[in-house]
Amino acid sequence: MSAGGGTKAIIAALLANAGIALAKFVGFLVTGSSSMLAEAVHSVADTSNQGLLLLGQKTSRRKATFNHPFGFGRDRYFYSFVVALLLFSLGSVFALYEGIHKLESHEALSSPIVAVIILVIAVGLESYSFKTAIAESREIKGDATWWQFIRQSKVPELPVVLLEDAGALVGLVLALFGVGLATITGDPVYDAIGTICIGVLLGVIAVILIVEMKSLLIGEGASPEELDVIVDELAAGKVQRVIHIRTQYIGPDELLVAAKIAMNPGLPASEVAQAIDDAEQRVRNKVPAARLIYLEPDLDRSLAKKS
């Protein structure tokens, strides 16, 4: 999978969520709907999240320093992890609190038609954002399923935006369900139930993102497919085999490869150096993300023991 940053999808989501948040707050002030308030806070959290994702992209491009010799690529993982935490705290916890409060207070809705109109408009805007994220993701997900893309992608922003937008659309449907039933039956408990469902939904999405972003933040290696390609390209030319290898993504588009390789015995130093250069070039041609490659030449002692 390529490591495109999905900037277009982030900006589309930011603009959509900012407009949606403003409309939802107006709707809450008019109707008093807890589902509307929960959705408004959700949109504010999403808008802030997109801002953090853009900040992470910017700070990750800083040049390497003495204290950070491998650069700042993991900033994108860090800010994506913060986004997941915000989605849980500002989105899920607040919605659950508001829903439970509404169950206890039984406050009736006023002007529910306003809430319905705003929610329908929000569905349209959120659908545009979701469509943009899907289009950007398709370019890099390859043959993987959407779930595999979310679990395996080394690009943190697109899975975050995809799950946020999907959660937002489902949340809007739940809010429409709550407001609609509350209006039809005259019982505000349905609005409260819709709010609680939104809180549970956001909690599930947040936990998925927290788990995935934590894994990226502490360091993930190359995928099995990438690792097979790297080993095959290293074990060619004057390299007999790869004795052992370690890989780690230090940024979405920067893979560190460290390996001990068995060389043909009797090679002069100049040929060993050339063989290492050739091996590095073969790997980079097939796996462009493998920008940092450290190879240690050695003799294949397993063959010596057998003989």
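Me: What makes the approach of the side chain of Thr 247 to the backbone nitrogen of Ala 222 a polar contact?

Reply: The side chain of Thr 247 reaches that nitrogen of Ala 222 at 2.9 Å, and a polar contact is a pair of N or O atoms within 3.5 Å, where within protein one must be able to donate a hydrogen and the other to accept it, and residues adjacent in sequence count only if both atoms are side-chain atoms. This is a predicted model, in which local features need pLDDT of at least 70 and side-chain atom pairs count only at pLDDT 80 or more, while totals for chains, interfaces and linings use all residues. Residues are numbered from 1 along each chain as its sequence is written, and side-chain values use heavy atoms, with hydrogens and water left out.

Me: Which residues does Thr 247 touch, not counting those up to four places away in sequence?

Reply: Thr 247, found in strand β1 (residues 239-251), touches Gly 221, Ala 222, Leu 227, Leu 255, Leu 256 and Val 257, where contact means heavy atoms within 4.5 Å.

Me: How do you know that β1 and β2 pair?

Reply: Two strands pair if DSSP finds at least two bridges between them, and β1 and strand β2 (residues 254-263) have ten bridges in the antiparallel sense, so by that definition they pair. The two strands form a hairpin with two residues between them, and Gly 251 stands opposite Glu 254 in β2.

Me: What span is expected of α7 at 1.5 Å a residue?

Reply: The expected span is 1.5 Å times one less than the number of residues; α7 has 30 residues, and its 43 Å from first C-alpha to last is close to the 44 Å expected.

Conventions. Helix = DSSP H or I, 4+ residues; strand = E, 2+ residues; numbered from the N terminus.
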